[in-house]
2 protein chains.
Amino acid sequence: MQRLFDLAEIGPIEGGGSRRLALTDEDKAGRDLVVTWMRDLGLEVSIDTIGNVVGTRSGRADLAPVMTGSHIDTVATGGIYDGNLGVLAGLEVIETLIDAGVETKHPLAVGFFTNEEGARFPPDMMGSLCYVGDMTPEEAMSVTNADGDSVGAELERIGYSGPTPCPGVVPHAFVELHIEQGPVLERSRVQIGAVDSVQGILWLEFTVTGQSNHAGTTPMSMRHDAANAAAEITVAARRITAEMGSNQVATVGSLRLHPDLVNVVAASAVLTVDIRNTDGALLADTEAQLLADVERIAAAEGVEISHRCLARFDPVVFDPKVVDLVESHAQGLGRTVMRMPSGAGHDAQIMARVCPSGMIFTPSVNGISHNPAEFTEPDDIIAGANVLLRTMVDLAGGD
Amino acid sequence: MQRLFDLAEIGPIEGGGSRRLALTDEDKAGRDLVVTWMRDLGLEVSIDTIGNVVGTRSGRADLAPVMTGSHIDTVATGGIYDGNLGVLAGLEVIETLIDAGVETKHPLAVGFFTNEEGARFPPDMMGSLCYVGDMTPEEAMSVTNADGDSVGAELERIGYSGPTPCPGVVPHAFVELHIEQGPVLERSRVQIGAVDSVQGILWLEFTVTGQSNHAGTTPMSMRHDAANAAAEITVAARRITAEMGSNQVATVGSLRLHPDLVNVVAASAVLTVDIRNTDGALLADTEAQLLADVERIAAAEGVEISHRCLARFDPVVFDPKVVDLVESHAQGLGRTVMRMPSGAGHDAQIMARVCPSGMIFTPSVNGISHNPAEFTEPDDIIAGANVLLRTMVDLAGGD
């Protein structure tokens, strides 16, 4: 708990949250602090070429490590638990084993991955994608954002482009503790989520090109209004989502107009749609329906609408053995537990591509996350950390 | 024509337009150039406390002047004719009368008013509002914008807060030459518009307050999405406008989301709706329908929506004698002419509150304005300037 509060003091924002966007000075300061804690625990710290940091405690045998971890970057208006909990609980697990003199057959590793949020540079989960070899560090470093910053330049600037190669060591298993960031556990009055799957995610960016014109003298019939087309895309995304029902969600989180003036018909608009579903087929169906609507909207308004995919992740099913271990250890500790999907993207879903993986969720009060009001009860955090400890020791062959 | 091109070289933008937002360095440079031209013509130049500049040529009698003029500030992506034409045609009229040795009984005055566009500071037509006494210079100077700039500070900075008091001298009559900024004259193949009225204008700013939350884990049913509410307001404004028909227009030109991130449900949105109609009753009806829809949208989305009025101008009917003079002098010059309303706001509608006023329109190619592609044929400009000359001399009692 103390490490959570100490890390939160880096990049504090009004309301008690944190702002440590990936590869900013705040991210560097957070990284430096966590690396210091890793070294204080005697871990061997490695930094790879894209800035992923892993601290390892050797095991009795020279085998692949059982790995845990998450991320310490945040969105612009983030809470103090998202990501940080999974990294710091990993350190707590190791410290507890050291204090208790418990050794494991497999080494234990705790990592934090670069730019999991994707809030400053797309795509999200960039670091873990590089770790498993599904994105090259070169591709990642060449990513630039609207402000003209590049991942490569920022990574160099904060001094976290390390010597360890990507892809990284393939773990024996990976398990990540994370807050739910949703309302399900709290509503169900359950303390532990044994996460068995992750929603598929699709980020689409639409660019609408209309014609800038005078807001008073241009008859409605002669308009090619990018703002109106953008609004209709937003409303269409909401309508399609309602019709799909079940786990389908869609969000227009970013929308920018140009010239963005009161009395000028917008010449262009750029907006993003974040679409998620645990069912890959329904996700593809939603995408197809939205793109069809966008074509109709473009034709009706007389504008051009292009789109590109900023991120696409298929739904993920976690390793049944790992999910079973999480569930049974939660029960063994006398905690309430339920199997559930994750509505958010997590590094564990990327690690699942190379090793048996799973996740442990703890409740989020009011389901709030990506918000300074994000909060998880200390007793829930303790429960999650203990389930993580039991699961890791079990996977690593502890005595 | 040469003065138009010379002034356009101050604040040039791609595509051949101009960017001289009110009270910027570009506005100052434009003002300095026009003042130099006024002095070269021997005009007595006055600058009032809000920065309105008037150049006067004395008449045979010490009477109220017959005034013309417009503005030289532009929107961010403006053309070179909007406003500038009316000011520079006034100088051309005076120069022509000097060359021809024509005196008038009433003095002749040419002015340009501060911040007609309202693109940098609301409301538009700020300078003429102060000139007629319907806004105090103190009110105007206290206006600040999103960037934290204030009218007073910027006016001082560019050195255009002058000694002449507001309200200013009440003219004997006011007539303004302006490009139509719409497609009607071109479509009708008519060269001169005798403007008999001006659309009423209403600018509403809506602030939507929802809840920032995670785009993946928040069920649609639990969302309070400011972006979705803003989109529904935009679509509602379009729908109401279509139902009203006739001259009704509505434009959402500015929309900003916060935090404006791909994977975060928007916590807040600020958008503007520009509503215009030549019929005051229909305008009020449109406003009432929109506000009723906004209430429904707020309730359905579970967000709070507040609004404020950034600008409100009732429809204006110009002085029949001035409109008749414009029409008859156009005919006398062998030009095609039609009576028409103005779809845009102009300083002349403010001056009409204190003296007999009217306007002369020249065609805009493709109806395009507030755009670098804004263009009016030289022969149309010459026609408009000659109608302005005849009308002013007639009103001023020329020999």
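These are my notebook entries on a predicted model, covering the interface of chain B and chain A and then a number of salt bridges.

**Entry 1: extent of the interface**

I began with the contacts, and I found 63 residues of chain B in contact with 63 residues of chain A. I then looked up the buried area, which comes to about 5,200 Å² between chain B and chain A, with 56% of it on carbon and sulfur atoms. On the side of chain B, the residues that lose the most area to chain A are B:Met220, B:Arg238 and B:Val262, and I noted that together they make up 13% of what that side buries.

**Entry 2: polar and charged pairs across the interface**

I next asked how many salt bridges there are between chain B and chain A, and the count is six. One that I looked up by name joins the side chains of B:Asp225 and A:Arg238, with an N to O distance of 3.9 Å; I note that the rule accepts a nitrogen within 4 Å of a carboxyl oxygen, so this pair is counted. For polar contacts across the interface of chain B and chain A, I recorded 22 residue pairs, both residues of each being at pLDDT 80 or more.

I then went through the elements of chain B that each supply at least two residues of the side touching chain A, and they are strand 10 (213-214), helix 8 (226-244), strand 11 (249-251), strand 12 (255-258), strand 13 (264-265) and strand 14 (268-277). Which of the elements of chain B gives the most to that side? I found that helix 8 of chain B does, with eight residues. Sorting the residues of the side of chain B that touches chain A by type, I wrote down 24 nonpolar, 27 polar and 12 charged.

**Entry 3: how the two copies are related**

I looked up the superposition, and chain B can be laid on chain A with an RMSD of 0.1 Å by a turn of 180 degrees and a shift of 0.0 Å along the axis. The two copies are therefore related as by a two-fold rotation axis. I also asked which residue of chain B comes closest to the rotation axis, and this is B:Ala231, whose C-alpha lies at 2.2 Å. The same surface serves both copies, in that 100% of the contact residues of chain B recur in chain A.

**Entry 4: salt bridges within the chains**

Over all chains, I noted a count of 44 salt bridges. In chain A, the side chains of A:Arg339 and A:Glu327 meet in a salt bridge at 3.1 Å, N to O. This pair links distant parts of the chain, since A:Arg339 is in strand 17 (residues 337-342) and A:Glu327 is in helix 10 (residues 320-332), 12 residues apart. I recorded A:Arg339 as partly exposed, with a relative accessible area of 35%.

In chain B, I looked at two pairs in helix 2 (residues 25-40), beginning with B:Asp27 and B:Arg31, whose closest N and O atoms are 3.2 Å apart in a salt bridge. Because B:Asp27 and B:Arg31 are four residues apart in this helix, about one helical turn separates them. Are these two residues buried or exposed? Both B:Asp27 and B:Arg31 are buried.

The other pair, B:Asp32 and B:Lys28, forms a salt bridge with its closest N and O atoms 2.9 Å apart. B:Asp32 and B:Lys28 are also four residues apart in helix 2 of chain B, and so are separated by about one helical turn. Here I noted B:Asp32 as partly exposed at 29% relative accessibility, and B:Lys28 as partly exposed at 30%.

Lastly, I found a network in chain A, where salt bridges that share partners join A:Asp25, A:Arg120, A:Asp149, A:Glu154 and A:Arg157.

How values were computed: Residues are numbered from 1 along each chain as its sequence is written. Chains are lettered from A and ligands numbered from 1 in the order in which they are written. This is a predicted model: local features need pLDDT of at least 70, side-chain atom pairs count only at pLDDT 80 or more; totals for chains, interfaces and linings use all residues. Side-chain values use heavy atoms; hydrogens and water are left out. Contact means heavy atoms within 4.5 Å. Buried area is the accessible area (1.4 Å probe) that two parts lose on being put together, summed over both. A polar contact is a pair of N or O atoms within 3.5 Å; within protein, one must be able to donate a hydrogen and the other to accept it, and residues adjacent in sequence count only if both atoms are side-chain atoms. Ala, Val, Leu, Ile, Met, Phe, Trp, Tyr, Cys and Pro count as nonpolar, Asp, Glu, Lys and Arg as charged, and the others, Gly among them, as polar. Copies are superposed by least squares on the C-alpha atoms of residues with pLDDT of at least 70 in both. Buried means under 20% relative accessible area, exposed over 50%, partly exposed in between (1.4 Å probe, protein chains only).
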